[in-house]
Amino acid sequence: MYTRDNLEYNRFNPIKDKLLIGVQQDWFAKGHKSLSMKAFVPAADEWFKSTQLNTVHGWDKFDCVDFTLGCTHFIESTAGAHGWKIQVLPDDYSVYTYMGINTTHPGDLEPGVPLLVSIPQWRYLDIRKDWNDILLECEQKNIDVHLDCAWLLAGKDFELDLSHPCIKSVAMSLSKYANDWNRCGLRWSRQRRMDSITMLNHYYPTTNINVASAGYHIINSIPRDYHWNTYGKAHQEICKQLNLQPTKIIHVVKDQEKLVGIGSLINSYYDTNP
């Protein structure tokens, strides 16, 4: 039986089980081949796109694929490339406002100023209900859109169309699989711009060879849809037993309108009930 003891209201610690911990331990305990960022990119590209639980259309529009140091690197690089003149929507990641980016409400977006959006969105645990309206506004106001898809790794049943011409770049990382010890990921873009990600990939290709090599070890050790395939039934059973609402994000559920993290509950339960 699950209990409420390890529920975390408004905290969303990821699942960190024996396999995920073992991937990290194995990396440090054994010798591994070094791998360049250039070699990591096609392998990671295939891994991210191999999900069977989500549908993403329009990948063919994004020919430029680059290594990143995670989605925070993508955020900083995108904002920096535009002189930090960039827009974000209300209720998005707090890290955006921590960086000094003020929120702008849909309908009031400033023409010509790029928009950074997270999909799935953490507060709704889904794609925003007004997403199509936002894209229409961006089209009318000539606003480039950049998507932070960090939580897609922990999601299922999402259908996302990247083919809209306003969407210029997309990023994902490995961090939601308990890889805070080695943050890395990819950026897909329609056209490269000169920014910190481009400079890292094309002028300093061996700088983060250790990170890329560990990233390659991670994707070869963890199946792309591991969380839901392993703990999908647990997610449903927790909600049934504790009177919570299931969501599309593996480690987060709802208690009426409150968001509840269940990553630590799953960790605790399976540590004591192997």
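These legends describe an overall view and several close-up views of one predicted model.

In this predicted model, local features need pLDDT of at least 70 and side-chain atom pairs count only at pLDDT 80 or more, whereas totals for chains, interfaces and linings use all residues. Residues are numbered from 1 along each chain as its sequence is written, and side-chain values use heavy atoms, with hydrogens and water left out.

**View 1. The whole protein, with nine helices and 11 strands.** Helices (H or I, at least four residues) and strands (E, at least two) are DSSP runs numbered from the N terminus. The C-alpha atoms fill a box of roughly 55 × 50 × 30 Å along the principal axes. The radius of gyration, taken over C-alpha atoms, is 19 Å, which agrees with the value near 19 Å for a compact globule of 274 residues, the globule rule being 2.2 Å times the number of residues to the power 0.38. Buried residues (under 20% relative accessible area, with a 1.4 Å probe and protein chains only) make up 54% of the 274 residues.

**View 2. Helix α7, residues 209–219, and its cover.** Eight of the 11 residues in α7 are buried, among them Val211, His217, Ile218 and Ile219. The cover over these buried residues includes helices α1 (18–29) and α2 (37–49) together with strand β3 (64–68), where contact means heavy atoms within 4.5 Å.

**View 3. The aromatic pair of tryptophan 47 and tyrosine 177.** Rings of Phe, Tyr and Trp (its six-membered ring) pair if their centres lie within 6.5 Å, and planes under 30 degrees apart count as stacked, over 60 as edge-to-face and the rest as tilted; by this rule the count comes to 14 aromatic pairs. Tryptophan 47 and tyrosine 177 are edge-to-face, at 6.2 Å centre to centre and with 80° between the planes. Tryptophan 47 lies in helix α2 and tyrosine 177 in the loop between β8 (167–173) and β9 (185–189), so the pair ties together parts that are 130 residues apart in sequence. Both rings belong to buried residues, with relative accessible areas of 8% for tryptophan 47 and 1% for tyrosine 177.

**View 4. The aromatic pair of phenylalanine 48 and tryptophan 188.** The ring centres are 5.8 Å apart and the planes at 85°, so this pair is edge-to-face. Phenylalanine 48 in helix α2 is thereby linked to tryptophan 188 in strand β9, 140 residues apart. Phenylalanine 48 is buried at 1% relative accessible area, and tryptophan 188 is buried at 0%.

How values were computed
Buried < 20%, exposed > 50% of the residue type's maximum accessible area, 1.4 Å probe, protein only.
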